[in-house]
Amino acid sequence: MRTKVIFHTILFLAIASGLSSARALTQEEVVARIQAAGYTLASDIKSTAEGTTAKAVKDGKDVRLVVDSAGQIKEQK
């Protein structure tokens, strides 16, 4: 019985550590997501406290973007 509990605990910890290993997007992944969202000319890509910021163009207008760790893109006002 005790061996079974130990085994399940180790298994749970192994699975949990694998699920919680979030990683930052690479610059190439950020550019790919920006382009997939319809933006062009992604530049000035920087990592900040709020996420990864970038300059881009959409519909002929310059915009400033923030890409969060989940890959969500938001235009800054």
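This report walks through the fold of a predicted model, with most of the attention on strand β2.

## Ground rules

The model is predicted, so local features need pLDDT of at least 70 and side-chain atom pairs count only at pLDDT 80 or more, while totals for chains, interfaces and linings use all residues. Residues are numbered from 1 along each chain as its sequence is written, and side-chain values use heavy atoms, with hydrogens and water left out.

## Overall layout

The protein has 2 helices and 4 strands; these are DSSP runs numbered from the N terminus, with H or I and at least four residues for a helix, E and at least two for a strand. Going along the sequence, you get α-α-β-β-β-β.

As for cover, 18% of the 77 residues count as buried (buried is under 20% relative accessible area, exposed is over 50%, and partly exposed is in between, using a 1.4 Å probe and protein chains only). About 6,000 Å² of the protein is exposed, and carbon and sulfur atoms supply 58% of that; accessible areas come from the Shrake-Rupley method with a 1.4 Å probe, and for residues only the protein chains shown count as cover.

Contacts here mean heavy atoms within 4.5 Å. Take the contacts with a separation of 6 or more: 21% of them link residues 24 or more positions apart.

## β2 and its two partners

Strand β2 (residues 51–58) runs antiparallel to β1 (residues 40–48), and 5 bridges join the two. Pairing is called when DSSP finds at least two bridges between two strands. A hairpin of 2 residues connects β1 to β2, and Ser47 sits opposite Thr52 of β2.

β2 also pairs with β3 (residues 61–67), again in the antiparallel sense, over 7 bridges. Across that pairing, Ala54 faces Leu65 in β3. The hairpin of β2 and β3 has 2 residues between the strands, and Asp59 takes a positive phi near 55° there.

## Inside β2

β2 is mostly covered, with 6 of its 8 residues buried. One residue to look at in this strand is Thr53, which is buried at a relative accessible area of 5%.

What does Thr53 touch, leaving aside neighbours within four places in sequence? Its contacts are Asp44, Ile45, Lys46, Thr48, Arg64, Leu65, Val66 and Gln76.
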